[in-house]
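Q: Could you take me slowly through one part of this chain, namely the packing of helices and strands around its sheets? I would like one connected explanation, with the terms spelled out as they come up.

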Amino acid sequence: MKKIKVVVVDDSALVRSLLAEIINRQRDMECVGSANDPLIAREMIRELNPDVITLDIEMPRMDGIDFLGRLMRLRPMPVVMISTLTERGAEVTMRALEMGAVDFVAKPRIGVADGLSELSTQIVEKIRIAATAHIKRAVFSSPVHVAGSSAPAVPRTAIASIGRVSTEKLIFIGASTGGTEAIKEILTRMPADSPGIVITQHMPPGFTTSFAARLNSLSQITVQEAISGERILPGHAYIAPGGKQFRVDRSGANYVAVVEDGELVNRHRPSVEVLFKSGATVVGRNAFGIMLTGMGNDGAKAMREMKDAGSYNYVQDEASCIVFGMPREAILHGAADEVLPLVEIAPALIAKLSSATDRYRV
């Protein structure tokens, strides 16, 4: 069996040792090298040709984000970021995912040894997923943003209006690995008068606030974390808070967000299955479902239930996915009405909403 070759890049000798030990315990992977800064890592990558690297953000001589930017332009490869559970760490992690990192692990600020040990299953799972990911060469239209300063303002370009759309419509989006950029692709193409959008992206606590803020700065619509009991409004998108289950319910004539602790579903909290099941039971034929890139099968069964209840569903195609697991399972469950490249999903949805509006006017 060919083993996954991993290079660990971290300025902490303790973290490098712990990650190497966790990796080397696995039958299907090995740590072939470790580096305490990106310049050493650069030479190590050339020599060892690893399948995956784990990359810390804060390191000497070259920031991890700067190194990631150069790596994804010159030698694209699967990267799993090692991030700290801080507000700044969350903001920089979102930038890393935008730049092409496959996923991240949130390490604790204190009790690192025990924390990484507890995260060992998650770490090796993300390395396995990264090893199978479809990586594309990154192209940046602006200079790489340096961690620690505020993100530059992004001008909001005008997007054509859909027209008068029934407030009964809701758009449901589910995603996992690679989903942060896929969700951005969808939301930044939606007009200000789009139906309400509800989203579950697999993400731990502490990171969805930065994710929502980043999307809000880029989109015509308002993007925020979901708050339990809050009415779901047109022109708004609501993201499941990390570590919570998120679903939709009714309060009179209105849709409202329900955010609760809940049990793990398909090993996830938040779970796409929970959100999509509420789409089937509460919204029915007024729902649109979108399944984006991600590993596993979370949400596939419930997306089929949405379709059976009358929703119209879009699934991202394999070629444009970072990981084709969740979309593949949705297709196998017969949940897809259309399977499209990522860049075609929002235009197809807008066209369908516009045609529905035209029928409404008549």
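**Helices on the sheets**

A: Helix H9 (residues 272-283) lies across E6, E7 and strand E12 (287-291), and runs at about 160° to E6; contact here means heavy atoms within 4.5 Å. Helix H10 (residues 300-308) also packs on this sheet, where E6, E12 and strand E13 (312-316) are touched, and its direction makes about 150° with that of E12. Helices (H or I, at least four residues) and strands (E, at least two) are DSSP runs numbered from the N terminus, while axes are lines fitted to C-alpha atoms, for helices over the stretch in contact, with angles from 0 to 180 degrees between N-to-C directions.

The model is a predicted one, in which local features need pLDDT of at least 70 and side-chain atom pairs count only at pLDDT 80 or more, whereas totals for chains, interfaces and linings use all residues. Residues are numbered from 1 along each chain as its sequence is written, and side-chain values use heavy atoms, with hydrogens and water left out.

The sheet under H9 and H10 is open and has seven strands, in the order E8-E9-E7-E6-E12-E13-E14, with parallel pairing; two strands pair if DSSP finds at least two bridges between them. At its edges stand strand E8 (222-225) and strand E14 (338-340), each of which pairs on one side only. Neighbouring strands in this sheet are turned against each other by 20° on average, direction ignored. Within the sheet, strand E6 (residues 170-175) and E7 pair in the parallel sense over six bridges, and Gly 174 stands opposite Thr 200 in E7.

A second open sheet is made of five strands in the order E2-E1-E3-E4-E5, again with parallel pairing. Strand E2 (29-35) and strand E5 (103-107) are at the edges with a single partner strand each, so one side of each is left without a neighbour in the sheet. From one strand to the next the twist averages 25°. Strand E1 (residues 4-9) pairs with strand E3 (residues 52-56) in the parallel sense over four bridges, and Val 7 is found opposite Ile 53 in E3.

Helix H1 (residues 13-24) lies across E1, E2, E3, strand E4 (79-84) and E5, at about 165° to E2. Helix H6 (residues 120-132) packs on the sheet too, touching E1, E2, E3, E4 and E5, and its direction makes about 165° with that of E5. The axes of H1 and H6 come within 10 Å and cross at roughly 70°. That makes H1 roughly perpendicular to H6, a term for angles of 65 to 115 degrees, where under 35 counts as roughly parallel, over 145 as roughly antiparallel and the rest as oblique. Leu 19, Ile 22 and Ile 23 of H1 make this contact with Ser 120, Ile 123, Val 124 and Ile 127 of H6.

Another helix pair is formed by helix H7 (residues 179-187) and helix H8 (residues 208-218), which pack at an angle of about 30° with their axes 10 Å apart. H7 and H8 are therefore roughly parallel to each other. Here Thr 180, Ile 183, Lys 184 and Leu 187 in H7 meet Phe 211, Leu 215 and Leu 218 in H8.

Finally, there is a hairpin, in which strand E10 (residues 245-251) and strand E11 (residues 254-260) run antiparallel and are joined by seven bridges. Asp 249 stands opposite Val 256 in E11, and Gly 252, in this hairpin with two residues between the strands, takes a positive phi near 65°.
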